[in-house]
Amino acid sequence: MSLSQNISIVHPEHFFITGLRGTPYSTYYYIFLFIIYFISIIGNSIVLLVIALNRSLHSPMYIYVFNLALADIGESNALIPNMMKIFFSDSQYISYNDCLANMFFVNFFITVQTYTLVVLAFDRFIAICLPLRYNAIVNNKFMAILFSVIWAFNTFLITLSTSLMTRLSFCKSNVVESWYCDYGRLVRMPCNDISINNVIAILIQAFFLVAPQFIIVLSYLGIFIALCKITSWEGRFKALKTCVSHLLVVGSFFLPIIFNMIAAPSVNARIISGSLSIALPPMLNPIIYVLNTAKIKDLIRKVLNSRSAPIRGNVSK
C-alpha cells in the first residue's frame, strides 16, 4: 500500500472498495442499479422542470417536492456513477481525496432528504390540525427560510464530520467493506484516537435518524387525534388522502434503513440492502408524487397533448 505520511498521521494514497464479494452475478446487480439511476434522474428532472416552469406550482407544497427531487438527484449522482466507475473498471481503488468527497456528498444529500420528509410531516400536521391558520404559518417565505436553514445546517455538520476524518491515521488497512466510502466503516479502521469522530457520529445519528423519525411519529399522532375528531368517515378519508404520498415516501426511505440496522446481515446482504435503501427512494419519489398529485399529472398530460397535437395533425393530412 502506497502511503503519504504527515507527522504522525498516515493517509493511504487509495482506499480499496470491496463491493460484493464472491457473488457470481454481481455484474447484473450493478446494471440493475444503473437502470434505477437512469429512471431516478429522468423522473426527478421532469418533476424539477414541471415545478420550475409552472407558476401555479410555486407554493409551499411544491417547494418541498422541488427540494426532495433536488436531493434525490444529488444523492443518485453522488452514489451510483461512482459505483459504476469503480466496479466496471480494472481497479476498485479510489483516491483518498475522492473518497472523502464521495462520503460528503452521499451523506449530505441523505440528510437533506431526511429533513425534507420532516418538513412535509409538519406541513401535513398544520394542514389537518390547524387548517384555519395554515396559510398564515406555511407560506413560500417560511418554506424558503426553513429549507435554507436545513441546507446550511446539514452543510456545516457533514463538512465537520468529513473534515475530522483527516485527523485519523489509517496505518493498518485501506480496505473498505462497503459499496462506497461509508463513514461508519471508515471510522472503524484508524489506529489512533477516534473519540471525537464517535461523538460526531452519535450526533449525526441523533439529528438525522432518531430525531426525524420521532418528529414524524409525533406529527402523525397529532394528525390521528385530529382525524378522530372529524365526525364523518368521508371527511377523515379526504384528510388522510393528503398524507398518502408522504407516508409512502417515508416508508420507502426509513424502512430499508431500519431493516438494515436490525437484521445485521452478512457483508454482501448488507451491501445489497444498504445500496437499495439509498438507490430506490430517489426512483420511487417522483413516481409517487406524480401518481398522487393531480396538478402535476394534469400539467404533464397537457404538455404531452400539446406535443402530440401537431403530430396528429400531420398524420391526418
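Trainee: Why does alanine 226 count as buried?

Mentor: Alanine 226 has 16% relative accessibility, and buried means under 20% relative accessible area (exposed is over 50%, partly exposed in between, with a 1.4 Å probe and protein chains only), so alanine 226 counts as buried. The model is predicted: local features need pLDDT of at least 70, side-chain atom pairs count only at pLDDT 80 or more, and totals for chains, interfaces and linings use all residues. Residues are numbered from 1 along each chain as its sequence is written, and side-chain values use heavy atoms, with hydrogens and water left out.

Trainee: Which residues does alanine 226 touch, not counting residues up to four places away in sequence?

Mentor: Alanine 226 touches Ile128 and Cys129, where contact means heavy atoms within 4.5 Å. Alanine 226 is found in helix α7, a helix being a DSSP run (H or I, at least four residues) numbered from the N terminus. Ile128 and Cys129 are among the α3 residues that meet α7.

Trainee: What makes α3 and α7 roughly parallel to each other?

Mentor: The axes of α3 (residues 96-129) and α7 (residues 195-229) cross at roughly 15° and come within 9 Å. Angles under 35 degrees count as roughly parallel, over 145 as roughly antiparallel, 65 to 115 as roughly perpendicular and the rest as oblique; α3 and α7 are therefore roughly parallel. Axes are lines fitted to C-alpha atoms over the stretch in contact, and angles run from 0 to 180 degrees between N-to-C directions.

Trainee: Is the crossing of α3 and α7 left-handed or right-handed?

Mentor: The crossing is left-handed: the near helix is turned anticlockwise from the far one by less than a right angle.

Notes: Helices (H or I, at least four residues) and strands (E, at least two) are DSSP runs, numbered from the N terminus.
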